[in-house]
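Below is a short note on the aromatic contacts, set out as numbered points to be read beside the coordinates.

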Amino acid sequence: MKSHLQALLGSALASASSALGKPMDLPPGLQIDAAKDARHGDFATNLALVVNKGLGRPPRAVAELLVQHLPASEMVERVEIAGPGFINFFLTPAAFQAVIPQILQQGAAYGCDRSGARGRMLVEFVSANPTGPMHVGHGRGAAYGDSLANILAATGWDVHREYYINDAGRQVDILTVSVWLRYLQACGENLPFPQRAYPADYIRQTSERLKQSLGDALRHPAEAVLAGIPAEPIVPAGADEKTKAALKTQQENYIDALIERARSLLGADYARVQRAGLEDQLAAIRATLEAFGVRFDRWYSEKSLVDSGFARTAIERLSAAGHVYAQDGATWLRTTSFGDEKDRVLFKADGAATYFANDLAYHVDKLDRGYPVLLDVWGADHHGYIARVRAAIEALTGRTDALHVQLMQFVTLSSGRMGKRSGNFVTLQDLIDEAGKDATRFFYLLRSHDQHLEFDIELARSQSNDNPVFYVQYAHARICSVFRQLAERGQTFAMEAAAASLHRLSEPQEKHLLTVLQKYPEVLAASAAQFAPHQLAFYLRELADALHSYYNAHKFLTTPRSENPPGGDPEVDDTELQTARLALIAATRQVLGNALELLGVGAPESM
């Protein structure tokens, strides 16, 4: 409807150009908004106020001139001018009713553009370190990234989904030594377990699998493991912050020493232990994401990037462009030339690559693979990382618009914020098992991703209208129940006959429901443009509310004359009205199903 009104206004402006003194096109500041008060019509536009700038005329006079040149439309009942020059449109009932055949004919394509014509976009999300199960914070990024990718694909983008496996850094070495130490304990060695290692049961499971398959083949005496390594300090209760920081540094040094000892004693078997740990954790992550309805087109290994030599190749390209320099034995990228607060280290003095060097190369590889638009979904704690990655991309390509980063704010449960190094935490799989996949995904999307989210597990599990996902899914199931009742009567719904009956939809609840249905394409487009899938979740609640209000106020199946007592149902045997109402709720069911599918939530036919 907005597109139709925009076309009418464009025609009016072109016709009125001579009277206005110069040819004019629709301005970029044009707004056509749904009226908040029915007394002001259905839609209002600020066109007269925008084009009046520079004309030196009263805006209201410009509005009057535009209204005089508006083409006739069967969708517009009348037009009024309000205030300083707003143009208010009052639509005909047919303008609202026209959305029903449009929805029923287009089905899943209503409001969508799946051409991919807007270009290729690579969406990288989740990318949790493969050092333990996914926690509830990862779940928010998974629900957001997957739903947004669905929405982008439905609005003209050719979307590719990718998970970046951080399998080449220090965290993976900590995973490796954690598994090996638990393996040694399983072999009977008396070894302390480091404070900075991963203590949870999933480490024991991998170590026990190694013990079963390899026996004592990887066993080394505790004395050989600990020889020459100072004992790990314990942070005492009540220690001041300075003391805590110093002792934690010593703990990190302790586990680094154990990593080097493991490399020395295990030799080539170090990679075997590491592979066992990674394989188990990646298998668990994949299983959780599959249960969550999240899929990826590619799982991209950081290790493969390093082993291929591409990381150094990317740095050489930056060096050739004059953006790299050496200082204090390290190799630096001059990111301050591109807006970063300080230059960044690429290679340390010992020649080891920083995480930034590998991540930079990964983003260069994305661009080289033919994805001009990159969308990354990161945790909120990566906020300071954005400028340096953008600086590197600009240094190589000259582009400032290639990378879009969306940050996920924290999630809390009744048990508090979670961290993976703790032995006790709530995993995403735990949450799915407790609340179900649909409720978990929908609850993650009920608040904008840039706001803190408190996840109410009890509400998510409840079977009541207070539960937003239950409320929305129940709307879909209610409509399905109406059509089951229709079939039980031996009747059918003929979509072809519906068009001739739509004029019967005149009740306030019907007009409201039609208005909400018309908004769907606009909401979908806005959700994509603003990277905001929560807008679609909000819309679903609005649509469900409109349906439930309609359901509670009116009957959809008229009473057969044979069952109608004297003075009973005034709509007895009114098949035309029944057909119109069935068409309306069929269209509502379609849109509910379309939007739920984009959010990765089921649309049940019964509840």
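1. Is Tyr-520 buried or exposed? In this predicted model, Tyr-520 has a relative accessibility of 0% and therefore counts as buried, since the cut-off for that class is under 20%.

2. The wider setting is a set of 20 aromatic pairs, found by a search of the whole structure. One of them joins Tyr-164 and Tyr-362, whose rings are stacked, with 4.0 Å from centre to centre and 5° between the planes. Because Tyr-164 belongs to strand 6 (residues 157–165) and Tyr-362 to helix 15 (residues 355–368), this pair ties together parts that are 198 residues apart in sequence. Tyr-164, at 1% relative accessibility, counts as buried, and Tyr-362 is buried as well, with a relative accessible area of 0%.

3. Tyr-520 pairs with Tyr-539, and since the ring centres are 5.7 Å apart and the planes meet at 45°, the pair is tilted. Tyr-520 lies in helix 22 (residues 508–529) whereas Tyr-539 lies in helix 23 (residues 534–553), so the contact ties together parts that are 19 residues apart in sequence. Tyr-539 counts as buried, its relative accessibility being 2%.

4. Beyond these two tyrosine pairs, a cluster linked by ring pairs is made up of Phe-125, Tyr-163, Phe-296 and Trp-299.

5. Charged side chains also deserve a look alongside the rings. Arg-182 lies over the face of Phe-193, at 3.7 Å from the ring centre, while the charged end of Arg-589 sits over the ring of Phe-483, at 4.5 Å from its centre.

Technical notes
Residues numbered from 1 in each chain as written. Predicted model: local features only at pLDDT ≥ 70, side-chain atom pairs only at ≥ 80, totals over all residues. Heavy atoms only, no water. Phe/Tyr/Trp six-rings, centres within 6.5 Å; stacked < 30°, edge-to-face > 60°. Helix = DSSP H or I, 4+ residues; strand = E, 2+ residues; numbered from the N terminus. Buried < 20%, exposed > 50% of the residue type's maximum accessible area, 1.4 Å probe, protein only. Lys NZ or Arg CZ within 6 Å of the ring centre and 35° of its normal.
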